Amino acid sequence: EYINIPSYDQVKLAHSTIDYGADIMIGHHPHVIQPIERYKNGIIIYSLGNFIFDFLFSKEFRLGMLVDLYVNGDDKIEYKVSEVQLEEKKLNIINNSSLLLKKLINYESKMNDLISQPKDVYIRYYNNKLKMNHLYQRIMMKLKLIELLIFSNHRKQLLINLYKKIITLF
C-alpha cells in the first residue's frame, strides 16, 4: 500500500499474465497511482489510485486516474488517461493532465530502472519504502486520533473506547 511502483512479484505476475494470453491487466489496492506498462502486445495498469478513500490529508491519496482503452485498426491497444482528484464530497476529472503524465513517466522509469537490476535490489528498495510508509501511516493515524480527541465533544467516550481496544490487545 501507498507505494507508487508495484512489487517485484506483482511485475512478474503481470508479465506472466500477458505471456499467457491476457491483453489487459488492471491492478488495484495500493491507494496511489502506479505505472502503466506496455508489455509485449498487452497493457498493464498496475493501479488506478483512489476514487473513494478517507485519507484526504495527502495529495497522493487523493489522486486517481481513469484509463480509456481502445483497439486500433492494427489490433494494437491504445490508451488515454485522465486525472481524478478526490475531494471531500466530489471527484474532479482533468483530461490531458500534464501532472498525471509526469508522475506516470517517473514511476515507470523508477520501476524499469529497478527491474533491470538484480532481483534483491528491487525487493530491498520496495521493502524499505513499505517500512517508511507504514511508519508514516501510523504517525498520521495517531495525529488524526489526537485531532479527534482535541476537537470532539465526545472526548471521554472516545478515550474509553480507545483504552478498551488497547486492553484487549494484551
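**Entry 1: H2 and the sheet beside it**

I began with helix H2, residues 98-115, and found that this helix lies across S4 and S5, running at about 115° to S5. I keep in mind throughout that this is a predicted model.

I then looked up the sheet to which S4 and S5 belong, and found an open sheet of three strands in the order S4-S5-S6, with antiparallel pairing. Strand S4 (63-71) and strand S6 (91-95) are its edge strands, each pairing on one side only, and the twist from one strand to the next averages 30°.

For the pairing of strand S5 (residues 77-86) with S6, I noted five bridges in the antiparallel sense. Glu 83 has Ile 94 as its bridge partner in S6.

**Entry 2: the sheet with H1**

I turned next to the other sheet on my list, which is open, has three strands in the order S1-S3-S2, and shows mixed pairing. Strand S1 (24-26) and S2 stand at its edges with a single partner strand each, so one side of each is left without a neighbour in the sheet. Here the twist averages 15° from one strand to the next.

I checked how S2 and S3 are joined and found that they run antiparallel, with four bridges between them; Ile 36 has Ile 45 as its bridge partner in S3. H1 packs on this sheet and touches S1, S2 and S3, and the direction of H1 makes about 150° with that of S3.

**Entry 3: the nonpolar core**

Which residues have the most contacts inside the largest nonpolar core? I found that this core has 25 residues, and that Ile 5, Ile 33, Ile 36, Met 65, Val 81, Leu 104 and Tyr 122 are those with the most contacts inside it. The elements that give two or more residues to the core are helix H1 (8-19), strand S2 (36-39), strand S3 (42-45), S4, S5, H2 and helix H3 (119-151). H2 gives the most, with five residues.

I followed Val 81 further, leaving aside its neighbours within four places in sequence, and listed its contacts as Ile 36, Met 65, Leu 66, Val 67, Asn 96, Leu 100, Leu 101 and Leu 104. Ile 36, the residue I had already noted for its bridge partner Ile 45 in S3, is thus also in contact with Val 81.

**Entry 4: how H3 meets H2 and H1**

I took the pair H2 and H3 and found their axes 8 Å apart, packed at an angle of about 135°; these two helices are therefore oblique to each other. On the H2 side the contact is made by Lys 110, Met 111, Leu 114 and Ile 115, and on the H3 side by Val 121, Tyr 122 and Tyr 125. By class I noted six nonpolar residues, no polar ones and one charged one.

For H1 and H3, I found that the axes come within 9 Å and cross at roughly 120°, which makes H1 oblique to H3. Tyr 8, Gln 10 and Val 11 of H1 make this contact with Lys 119, Tyr 122, Ile 123 and Tyr 126 of H3. The classes here are five nonpolar, one polar and one charged residues.

**Entry 5: Tyr 126**

Is Tyr 126 buried or exposed? This residue, placed in helix H3, has a relative accessible area of 12% and is buried, because the cut-off for buried is under 20%. Not counting residues up to four places away in sequence, Tyr 126 touches Ile 3, Ile 5, Pro 6, Ser 7 and Gln 10. The C-alpha atoms of Tyr 126 and Ser 7 are separated by 6.4 Å, although the two residues are 119 residues apart along the chain.

**Entry 6: two positive phi values**

I closed with the backbone, bearing in mind that most residues other than glycine have a negative phi. His 29 is not a glycine, yet has a positive phi of about 105°; I located His 29 in the loop between S1 and S2, where it counts as partly exposed at 47% relative accessibility.

Lys 40 also has a positive phi, near 50°, in a residue other than glycine. I placed Lys 40 in the loop between S2 and S3, and at 58% relative accessibility Lys 40 counts as exposed.

Notes:
Residues numbered from 1 in each chain as written. Predicted model: local features only at pLDDT ≥ 70, side-chain atom pairs only at ≥ 80, totals over all residues. Heavy atoms only, no water. Pairing = 2+ DSSP bridges. Axes fitted to C-alpha atoms, helices over the stretch in contact; angles between N-to-C directions. Contact = heavy atoms within 4.5 Å. Core = buried A, V, L, I, M, F, W, Y, C linked by side-chain atoms within 4.5 Å. Buried < 20%, exposed > 50% of the residue type's maximum accessible area, 1.4 Å probe, protein only. Parallel < 35°, antiparallel > 145°, perpendicular 65-115°, else oblique. Nonpolar A, V, L, I, M, F, W, Y, C, P; charged D, E, K, R; others polar.
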